[in-house]
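Q: Please take a close look at the ligand site of this model. Which contacts hold interest there, and what lies around them?

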Amino acid sequence: MKIVHAAAELYPYVKTGGLADAVGALSAALAEHGHEVSVFLPGYRAALEHKDAANAERKLRLKIEMGDQFLSGDVRVFSPRKNLKVYLICREEYFDRRAPYGNGERDYEDNADRFIFFCKGVVETLRLADLQADIVHGHDWQAALLPLLLREAERRHSLTLALKTVFTIHNIAYQGLFPATAFARTNLPDELFNIDGLEYYSQVNFLKGGILFADRLTTVSPRYAKEIQTPEFGCGLDGVALTRADDIVGLLNGVDTSIWNPAVDGVLPARYSPANMAGKQTCRTKLLKRCGFAAGFGGPIFGMICRFTEQKGLDLVIANREFFTGQDCRLIVLGAGDQRIEDELRALATEAPQKISLSARLDETMSHLIEAGCDFFLMPSLFEPCGLNQMYSQVYGTVPVVSRVGGLVDTVIDVGEQPDTGTGIMCEPNAGSLRAAMERALVLFADKPRYAAVQQRCMARDFGWKTAATGYEQLYQESL
Ligand code: ADP
C-alpha cells in the first residue's frame, strides 16, 4: 500500500511526547513490512538541522491559499530508510522556531495558521507530486483538518488524492480550539462552520473535524477508545466521538525495541537481560550518583519521566511528600513543562535533597538511565491515552505503579489481583490510593524473590510494534 502519514512530531526529528515515538515507530514498521510510506512533518528548525535532512531534495514550491492571501512555502524530501520518505512542509515564518507549539510559557498565537498551512501543504504535495495515496493517515489536532481539506481539494480539482483517510486521536485533551476567524483561513465552504462541522461553541475545533470526517478513527489503546465516548474523559467531544462509535478502534502503541531494549541500549553504562540482570545494578549505581545520592543505597528507587502537566498526576506525587520524606526510598523525577508543577517539585527536592531529585529538562539519555536504574516507575496519570513509559519500564524490569485509566489498564497487570501473572501495581487516580499503591510497592520490594519474579514477568512481555503495525495494516485493508 501507499501510506501517507501527517503529524506534528516524528522521532528522531521533533519530539515533545509519545506522539513522536508512535508515528516514528509505526511508519518504520510499515516500511519494513514492504509498504511505501511517506511521513509529512512541518519543516521545523530542528528537523531541517538534523543530519538526515542535510541532503534533502527541494521537491516543490508551494503557493497555499490562506483566506484571501496566497502564502509561499516549499517541500523538502529525504529518505531515512528503505520504503520511507520524510516530507518537510517548510515556511520559515511558521516553522523556523525553537519549539513546535509555543515558547514555553504559551502557545504561539498563529498556531491555527501554522497547522492549516501544514495540512494544506500536505494536500498540495499529494496533488502536485501525484503521490496516489491509498491511505492518508493524520495524527492529532495538528493534522485533523486533512480529511476535510483533502476532500475539498478533490472536489475542486475533480481528482482522487487518497482512497481512504484514517485519523488517530493520541490525546483528546488537545483539540486545536481557535477563534471563529480562523475558519476563513481554511477556505472551506461556510456550511462546514456549524454544529455538524468544525464549529464548537462559536469557535473552530480542528480535532472535531478529524473525528467527524475521517473514514476510520483510531485511538492509541482499546480502553481509551471507550473512554473518549464518556463525559468523564471525552473533554467535551464525547458526544462527537459517540456518533462515530462504529468506526473507532483502539490499537495499542508498541515499543520501538531498537531504541528501548536493555540488552542493546547503547546509552546505558551496562546492558542486561532477564537471564543476567547484573547490568541493571550498574545502571542503578550510575543513576544514584548522577542524582547526588549515595551510590550504595539499597532501598527502593521510584522514577518518573513525563511532561509536566496536570494529566500526569504530579500533584498526587506532590501531595504524598511525607511518604517520600518519611520512607527509606528515593524519588527521581525528570520532566519539563508547567512552571507551577516544576516549582512545587523543586521545593520538594530542596526540602529533601538526600531523597528527592528533580531534573527539569528534556534529556533522552537520562530517561533511559531512569528506566533502567529504578525499581519502580510511577505513572499516576489522571487520564492516559496509551502511555509509553509504563511499557518501557516493564521492558527494563522496572515495576510500574500506575493509575487505573486508559492505556495503563491495557498494559499493566496488577500483582495483587493476579499474583501469578501480575507485572505492576495499580491505583485510582487520587493521592490516597497512590499512597496505598506505593506502600504495596515497599512490601513487594522487601520480598526479594517475589519482586524478582515480577521483574521477570515484566521483561517477558511482548510490547513490540509488530502487533500494532499488523493492526493498522488490517484496518487500512478493511477500509480500502
Ligand atoms: P505523552 O505522549 O502524554 O507525553 P507518553 O508516555 O506516551 O506520554 O510518552 C512520553 C514520551 O516522552 C516518552 O518517550 C518519554 O520518555 C518522553 N519524555 C517525556 N518527558 C521527557 C524528558 N523530560 N526527557 C526525555 N524524554 C521525555
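A: A polar contact here is a pair of N or O atoms within 3.5 Å. The model is predicted. With that cut-off in hand, start at the ligand.

A nitrogen atom of the ligand sits 2.8 Å from a polar backbone atom of Arg361. For Asp363, a polar backbone atom is 2.9 Å from a nitrogen atom of the ligand. Lys15 uses its side chain: one of its polar atoms lies 2.9 Å from an oxygen atom of the ligand. The ligand alone exposes 560 Å², and the protein buries 93% of that.

Now the shell. It counts 21 residues around the ligand. Gly18, Asp21, Arg307, Lys312 and Arg361 come nearest. Several elements give two or more residues each: the helices α1 (18-32), α14 (364-373) and α15 (389-395), and the strands β13 (301-308) and β14 (330-337). Strand β13 gives the most, with three residues.

Take α14 next. Ser367 is found in this helix. Its relative accessible area is 8%, so Ser367 is buried. Setting aside neighbours within four places in sequence, Ser367 is in contact with Trp260, Ile305 and Leu334.

The loop between β16 (376-379) and α15 holds Phe383. Phe383 is buried as well, because its relative accessible area of 18% is under the 20% limit. Its contacts, not counting residues up to four places away in sequence, are Asn171, Ala173, Phe233, Gln311 and Val405. Phe383 and Gly406 are 23 residues apart in sequence, yet their C-alpha atoms are 6.2 Å apart in space.

Next, the cysteines. A disulfide needs two cysteine sulfur atoms within 2.5 Å. By this rule the count is zero. Cys291 is in no disulfide; the nearest cysteine sulfur is that of Cys374, 7.9 Å away. That distance is over the cut-off, so the pair does not qualify. Cys306 is in no disulfide either. For Cys306 too, the nearest cysteine sulfur belongs to Cys374, at 13 Å. Cys291 is buried, with a relative accessible area of 14%. Cys306 counts as buried at 14% relative accessibility.

Now the nonpolar packing. In soluble globular proteins, nonpolar side chains tend to be buried together. The largest nonpolar core in this model has 95 residues. Phe40, Phe118, Leu126 and Phe206 have the most contacts inside it. Helix α4 (residues 111-128) gives the most to this core, with nine residues. Phe118 touches Ala6, Ala7, Phe40, Leu41, Pro42, Ile89, Phe95 and Gln142, leaving out residues up to four places away in sequence.

One more serine closes the tour. Ser433 lies in helix α17 (residues 431-446). At 18% relative accessibility, Ser433 counts as buried. A polar atom of its side chain is 2.8 Å from the backbone nitrogen of Glu428. Beyond residues up to four places away in sequence, Ser433 touches Cys427 and Glu428.

Back to the ligand for a recap. Backbone atoms of Arg361 and Asp363 face ligand nitrogen atoms, while the side chain of Lys15 pairs with a ligand oxygen.

Conventions:
Residues are numbered from 1 along each chain as its sequence is written. This is a predicted model: local features need pLDDT of at least 70, side-chain atom pairs count only at pLDDT 80 or more; totals for chains, interfaces and linings use all residues. Side-chain values use heavy atoms; hydrogens and water are left out. Buried means under 20% relative accessible area, exposed over 50%, partly exposed in between (1.4 Å probe, protein chains only). A nonpolar core is a set of buried Ala, Val, Leu, Ile, Met, Phe, Trp, Tyr and Cys residues joined through side-chain atoms within 4.5 Å. Helices (H or I, at least four residues) and strands (E, at least two) are DSSP runs, numbered from the N terminus. Contact means heavy atoms within 4.5 Å. A residue is near a molecule or strand if one of its heavy atoms lies within 4 Å of it. A polar contact is a pair of N or O atoms within 3.5 Å; within protein, one must be able to donate a hydrogen and the other to accept it, and residues adjacent in sequence count only if both atoms are side-chain atoms. Accessible areas come from the Shrake-Rupley method with a 1.4 Å probe; for residues, only the protein chains shown count as cover.
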